[in-house]
Amino acid sequence: SPSDPDLVARARAAKERLGSKVFVLGHHYQRDEVIEFADVTGDSFKLAQQAAARPDAEYIVFCGVHFMAESADILTNDAQQVVLPDLAAGCSMADMATAEQVAECWDVLTEAGIADVTVPVSYMNSSADIKAFTGKHGGTVCTSSNAQRALDWAFEQGEKVLFLPDQHLGRNTAVREMGMSLEDCVVYNPHKPNGGLTVEELRAARMILWRGHCSVHGRFSLQSVEEVRERVPGVNVLVHPECRHEVVKAADHVGSTEYIIKALEAAPAGSKWAIGTELNLVRRLARQHPDKEVVFLDRTVCFCSTMNRIDLPHLVWTLESLAEGKVVNRIEVDKETSDFAQLALERMLALP
Ligand code: 13P
Ligand code: SF4
C-alpha cells in the first residue's frame, strides 16, 4: 500500500533538518516505506562496514533489528549514537542463545577436554554478549556472506568450531561449501544436559552447531521447492543459507541477501526465479525486475515480523525527535561487552 503522504513529507523534512548529522542504514528486509529513506541499504555485513565507515555522523538510525544496531554501536566511535526506531525489533534467532547458556556450553566442552581446540564462530545474528564471548575465546563473527571464509579462518586456529546460533547456516556452509559430511556436525541443544550429546559425540565432531534457527527461513521446506518447480517450469530456485539443509540442497543457488540481489541483476530477461528469503525483499525484486518472473518460494511463509516493526510512523518519530535534539531508543552496549565483541567483529572485518 502507498505510504501516507503526510508522513513521507514529515520524514523528508526531518531528515533535511538533520542533514549530515544523521545517517540512515536500511537492511534489505525492511519495508519499502522505510527503505525509501535509507542512505545505504545492505545485508548485515555491508551495513556493519557502513556503520564503521561514517565517523562523522552524530546519529546512526538503524532500520533493521536489535543485534544489528548493537553491532553498529560497537563499531562506531564513542561520540556517535545509534538509534533503533522500535525497540521491539528483535530477532528470534538471536534470542535462542543467551550468555548463560553459552557459558554453560563452554563448561561442557571444557569438561570434555575440547574447549582448547574449539574456536567459536558467531553469526552476526546474535546478541552483543554472544559476540563478546566469541571475542574472548579467540573466535570471530561471520555473516551469511562470509561464513565460509570465517570457517576457513577458524579451522586454521583450531580443530573444531562451535557455531552459534544458527545451526542451518553452520551446517550448510560446512557441508555445501567446505565438503564436510553431515556426520562431522553435531547439534548442541541448550535445553538438555550436556547439550544432549555424549562426550564421545563431542570429541568426534568437527562442527558443534548451536540449536538455533530463523523462524522465517525455517519455514521453507523441500515441498516448497518441489511445488514451485512444478508450478513454474524452468524456474531457478535461489535461497538464503538460513534455510534448512534439505532446502539448500534442493535449490539451484544459495546466498546472502546481497548475493540474491546481484544474482537477479545478472539474470537474463525472461528467466524465472523462485526466491526463498524474507518477503519484503522478494516483492521489491519482483517489482525491480519486470522483465523476469520473480516468485516467492512458498506463499504460506510470512514477513519477518520483527523486521516489519520498523515502519514509517516509527521512523518519523525517531527523525523528528533527533531533529529536536532528543535522542530516543538509543542502543548502547556496555564497555566491557563492547570491547570483547569488537575483537570478534574486527576479526570478521579483517577476513581475507
Ligand atoms: P543477511 O543480511 O546477512 O543476508 O542476513 C539475513 C538476515 O536474516 C538478517 O536478519
Ligand atoms: Fe532474525 Fe530471521 Fe528475522 Fe533475520 S529474518 S531478523 S534471522 S527472525
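Two strands pair if DSSP finds at least two bridges between them. The structure here is a predicted model.

**Exercise 1. Follow the pairing of strand S8.**
Find which residue in S9 is the bridge partner of Cys185, and how many bridges join S8 to S9.

*Solution.*
Step 1. Locate the strands. S8 covers residues 185-188, and S9 covers residues 207-210.
Step 2. Take Cys185. Its bridge partner in S9 is Met207.
Step 3. Count the bridges. Four join S8 to S9. The cut-off is at least two, so S8 and S9 count as paired.
Step 4. Read the direction. S8 and S9 run parallel.

**Exercise 2. Lay out the sheet.**
State the strand order, and explain why one side of S6 and of S8 is left without a neighbour in the sheet.

*Solution.*
Step 1. Write the order: S6-S5-S7-S9-S8. The sheet is open, has five strands and pairs in parallel.
Step 2. Look at the edges. S6 (140-142) and S8 (185-188) stand there. Each has a single partner strand, so one side of each lacks a neighbour in the sheet.
Step 3. Add the twist. From one strand to the next, it averages 25°.
Step 4. Place helix H6, residues 128-136, on the sheet. H6 touches S5 (118-123), S6 and S7 (160-164). The directions of H6 and S5 make about 150°.

**Exercise 3. Classify the shell of ligand 1.**
Determine how many nonpolar, polar and charged residues the shell has.

*Solution.*
Step 1. List members. Among them are Asp43, Phe45, Cys91, Asn125, Cys214 and Glu242.
Step 2. Sort by class. The shell has three nonpolar, seven polar and two charged residues.

**Exercise 4. Check the confidence.**
Report the average pLDDT of the protein and the model's ipTM and pTM.

*Solution.*
Step 1. The average pLDDT is 97, and 100% of the residues score at least 70.
Step 2. The ipTM is 0.96 and the pTM is 0.95.

Definitions and conventions:
Residues are numbered from 1 along each chain as its sequence is written. Chains are lettered from A and ligands numbered from 1 in the order in which they are written. This is a predicted model: local features need pLDDT of at least 70, side-chain atom pairs count only at pLDDT 80 or more; totals for chains, interfaces and linings use all residues. Helices (H or I, at least four residues) and strands (E, at least two) are DSSP runs, numbered from the N terminus. Axes are lines fitted to C-alpha atoms, for helices over the stretch in contact, and angles run from 0 to 180 degrees between N-to-C directions. Two residues are in contact if their C-beta atoms, placed from the backbone, lie within 7 Å. A residue is near a molecule or strand if its C-beta atom, placed from the backbone, lies within 6 Å of it. Ala, Val, Leu, Ile, Met, Phe, Trp, Tyr, Cys and Pro count as nonpolar, Asp, Glu, Lys and Arg as charged, and the others, Gly among them, as polar. pLDDT is the predictor's confidence in each residue, from 0 to 100.
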